[in-house]
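The following paragraphs offer a guided reading of one protein chain. Please keep the sequence and the structure in view while reading.

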Amino acid sequence: MTTSATAKATARTAVSRPRRPRRLRRLAAPLLLAAGLCMSSLTAAGTVQAADGTVVTSTQSGGRTVSFTFDDGPHPTHTPRLLEVLRKHNVKATFCLWGDHVRQYPYLVSRIAADGHRLCNHSMAHQDMGGWSQQQIRQNLEQVNNVIRQAAPGAQIIYFRAPYGSWGQSPQVAASMGMQPLGWRTDIGDWQPPGTNELVRRIMQGVTPGAVVLMHDGGGDRSQTVSAVDQTIPQLKAQGYTFDQPAVR
Ligand SMILES: [Zn+2]
């Protein structure tokens with residue numbers, strides 16, 4: 001939302017959390033179960049899934065794919081325009097929803113879901129959860145999921161993204177609730193609109209194979225973002241990119 005916040009968010013997200021070696025994770029599973037800390041599910045092979053709440057920053061398929069993600073909506077003007085653009089180009093994206101905005105514009109959430117885009121929990125009031133307890137985080141995330149489910153019954157909420165990239169203990173809580181913590185690799189800095197041409201330049205220069213791209217459809221005037229998306233989708237396709245969703249571990 002602010003220069004420093006965005007810079008901080010980018011810096012924090014650029015560093016991915018180290019993953020425990022597979023063997024250690026397998027050894028840890030019985031201990032977690034015994035301690036009653038079973039926040040994860042076990043596969044047939046007995047390995048732990050999403051136990052550590054790793055923040056993903058890349059697409060599901062990797063290679064020459066890209067994921068567009070849109071934060072802070074829904075917005076009564078910009079979200080419908082963006083949906084129109086995405087439909088025109090036959091691209092599916094991910095929407096990180098601000099709970100208070102979901103409550104204001106529930107019909108837009110049902111349109112997002114009906115168009116086949118993925119939903120992401122982005123907190124109730126765009127709070128910095130960096131210092132919150134797990135219980136505080138869980139209450140907030142549950143509240144958001146409830147308003148999303150009221151707006152779009154049956155819709156799956158696949159991801160959680162922490163406002164400002166200030167993760168704190170939220171990745172573990174989100175994972176325990178069945179949501180994949182979702183970061184990003186490319187931030188185009190559209191929080192303060194620099195002009196459509198500049199946004200087009202930033203997207204085309206910033207996208208790398210497998211990148212999750214952070215953009216905004218809410219929280220301000222996002223008309224430049226919508227225009228930039230309209231222009232860059234054909235350019236990226238011409239470069240051999242296909243559109244994918246962020247990874248789910
Ligand atoms: Zn946000």
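Strand E3, residues 65–73, is a convenient place to begin, and E3 is mostly covered, with eight of its nine residues buried. The coordinates under discussion belong to a predicted model. In that model the protein chain contains nine helices and 10 strands. Of its 249 residues, 44% count as buried. Contacts in the chain often span long stretches of sequence: among those between residues at least 6 apart, 78% join residues at least 24 apart.

The pairing partners of E3 may now be taken in turn. With strand E4, residues 94–97, E3 pairs in the parallel sense over four bridges. In this pairing phenylalanine 70 stands opposite phenylalanine 95 of E4. With strand E9, which covers residues 211–216, E3 also pairs in the parallel sense, here over six bridges. Valine 66 stands opposite alanine 211 in E9. A further parallel pairing links E3 to strand E10, residues 242–243, over two bridges. There, threonine 65 stands opposite threonine 242.

From E3 the path can be followed to E4. Strand E4 is covered on both faces: Thr94 and Cys96 are buried on one side, and Phe95 and Leu97 are buried on the other. Phe95, the residue that stands opposite phenylalanine 70, thus belongs to one buried face together with Leu97. E4 is also joined by four bridges to strand E5, residues 118–121, and E4 and E5 run parallel. In that pairing leucine 97 stands opposite asparagine 121 of E5.

The connection between E3 and E4 includes a helix. E3, H3 and E4 make a right-handed β-α-β unit. Helix H3 comprises residues 78–88, and its axis comes within 10 Å of the axis of helix H9, residues 223–238, with a crossing angle of roughly 0°. Because of that angle, H3 is roughly parallel to H9. Which residues of H3 and H9 meet? From H3 come His78, Arg81, Leu82 and Val85, while H9 contributes Ser223, Val226, Val229 and Asp230. Sorted by class, the contact of H3 with H9 has four nonpolar, two polar and two charged residues.

The backbone around the end of E3 deserves separate attention. Most residues other than glycine have a negative phi, and most peptide bonds are trans. Aspartate 72, which is found in strand E3, has a phi near 75°, a positive value in a residue other than glycine. Aspartate 72 counts as buried because it has 23 C-beta neighbours inside 10 Å, where 20 or more are required. The peptide bond from glycine 73 to proline 74 is cis, with omega near 5°. Proline 74 itself is found in the loop between E3 and H3.

A positive phi appears again at tyrosine 164, with a value of about 60° although this residue is not a glycine. Tyrosine 164 is placed in the loop between strand E6, residues 157–160, and helix H7, residues 170–176. Is tyrosine 164 buried or exposed? Tyrosine 164 is buried, because 20 other C-beta atoms lie within 10 Å.

Another loop residue leads back to E9. Isoleucine 188 is found in the loop between strand E8, residues 186–187, and helix H8, residues 196–206. With 23 other C-beta atoms within 10 Å, isoleucine 188 is buried. Its contacts, leaving aside neighbours within four places in sequence, are Leu199, Arg202, Ile203, Gly206, Val213, Leu214 and Met215. The C-alpha atoms of isoleucine 188 and valine 213 are separated by 7.6 Å, although these two residues are 25 residues apart along the chain. Strand E9, whose residues 211–216 pair with E3 over six bridges, brings the account back to the strand from which it started.

Methods
Residues numbered from 1 in each chain as written. Predicted model: local features only at pLDDT ≥ 70, side-chain atom pairs only at ≥ 80, totals over all residues. Axes fitted to C-alpha atoms, helices over the stretch in contact; angles between N-to-C directions. Parallel < 35°, antiparallel > 145°, perpendicular 65-115°, else oblique. Contact = placed C-beta atoms within 7 Å. Nonpolar A, V, L, I, M, F, W, Y, C, P; charged D, E, K, R; others polar. Buried ≥ 20, exposed ≤ 12 C-beta atoms within 10 Å, placed from the backbone. Pairing = 2+ DSSP bridges. Right-handed = clockwise from strand over helix to strand, strands pointing away.
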